[in-house]
Amino acid sequence: VSGAFAFVTMQKAKSLSANLAHPGDIVVTQRGTLGQVSLVPAHPYAAYLISQSQMKVTLDPDQADPLFYYYVLSSELHQRIISLSAIQTGVPHINLGILRRIPVQRPPVGEQTAIAAVLGQIDALIRALDQLVAKKRGLKQAAMQQLLTKQSRLATFSGSWRQVLLADVIASLEAGVSVNADSGEQGNDAHEISILKTSALSGGRFDPAECKKIAAVDIARARLNPERDTILISRMNTPNLVGECGYVDRDYPNLFVPDRLWMTRFKRDAGLNALWLSYLLNTSSLKTQIAAAATGTSGSMKNLSKHAFLQIPILLPSIDEQQAIAAVLADMDAELIALEARRDKTLALKQA
């Protein structure tokens, strides 16, 4: 059981005894987020009351290890079977009858337990890596807040910072154009003519793999390739993501910028390090200012005007200090990316 739960009275629980799940039971969602699987853990409280959107599976302990079948039902294969077996009238849903008809392997109980133990060890490693990633991400955010707002200074730097507007360092904000993409065709930034998705900017990073192949009839209309040492900025997005940005570390001649993203060009004499600015734009204080500058009556979509964005004030240290700060944060980013890659590889190993 991984979500929040609420306590109910004993009288309520007794009146709904058929809906009680006990340690060792497997709970499966039958509507809504279909097929989510949880294993009821051993707990000082005797039982959990499941909701009307869930169903429980109680196994014969002489023939089945509950942890083994939790992993079976959580596997990609059985999640796909559950999805394909759903009743599609109204809200897709399944029932116990459908679940009973899903075929599963049944090795000897001893082998089930051994398999579950191996997968449990991998799960423990994944949890440890998740915790380490969260810790490193928190350390990076703290370092950004300290170093990019002058709360702390790196050794050897003591000069004053000057307040400027983004308009003082940014020469232009150029948007791409909207083009049609091949339906369902994921692009490849190295080999195929592709258009970036807005999801290419996430968590302060630029992910060139988040793109779609451009339809052949629209290739000639595409313009504006992401260029090295620039920043891409989301000018139109949800309230939480408007202003999302990411640093571009190299040229991408086969990728194109869509109309919802800007690419920055900087003034040559501005004394600016683009990587430093990309980190600054991802601090909580700057993100708050950017969100406040965005407009729009829709609660689901906000727009950022060039004028409003360029009028945001920043504190600008010397170019040498910018480069030093960017180098520290880039090293932390590299460590974080390596940990995330290790976690993703472990997740893939578990599925395999």
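A nonpolar core is a set of buried Ala, Val, Leu, Ile, Met, Phe, Trp, Tyr and Cys residues joined through side-chain atoms within 4.5 Å. The views below show a predicted model.

**View 1. The largest nonpolar core comprises 39 residues.** Within this core, the members that touch the most others are L166, W276, L277, L281 and F309. Helix α6, spanning residues 274–280, is the greatest contributor, supplying six residues. In soluble globular proteins, nonpolar side chains tend to be buried together.

**View 2. Contacts of W276 beyond its neighbours within four places in sequence.** Outside that stretch, W276 is in contact with L148, I314, L315, L316, P317, Q322, I325 and A326.

**View 3. A second core of 22 residues is separate from the largest one.** Among its members are V37, A86, I98 and I122.

**View 4. Four strands form an open, antiparallel sheet in the order β7-β17-β13-β15.** The edges are occupied by β7 (170–175) and β15 (245–248); each has a single partner strand, so one side of each lacks a neighbour in the sheet. On average, neighbouring strands are turned by 25° against each other, direction ignored.

**View 5. Strands β13 and β15 run antiparallel and are joined by four bridges.** Strand β13 covers residues 230–234. One bridge pairs L232 with G246 of β15.

**View 6. Helix α5 extends over 40 residues, from 109 to 148.** At 1.5 Å a residue, the helix should span 58 Å, and the 57 Å between its end C-alpha atoms agrees with this expectation. After α5 comes K150, which has a positive phi, near 70°.

Terms used
Residues are numbered from 1 along each chain as its sequence is written. This is a predicted model: local features need pLDDT of at least 70, side-chain atom pairs count only at pLDDT 80 or more; totals for chains, interfaces and linings use all residues. Side-chain values use heavy atoms; hydrogens and water are left out. Two strands pair if DSSP finds at least two bridges between them. Helices (H or I, at least four residues) and strands (E, at least two) are DSSP runs, numbered from the N terminus. Axes are lines fitted to C-alpha atoms, for helices over the stretch in contact, and angles run from 0 to 180 degrees between N-to-C directions. The expected span of a helix is 1.5 Å times one less than its number of residues. Buried means under 20% relative accessible area, exposed over 50%, partly exposed in between (1.4 Å probe, protein chains only). Contact means heavy atoms within 4.5 Å.
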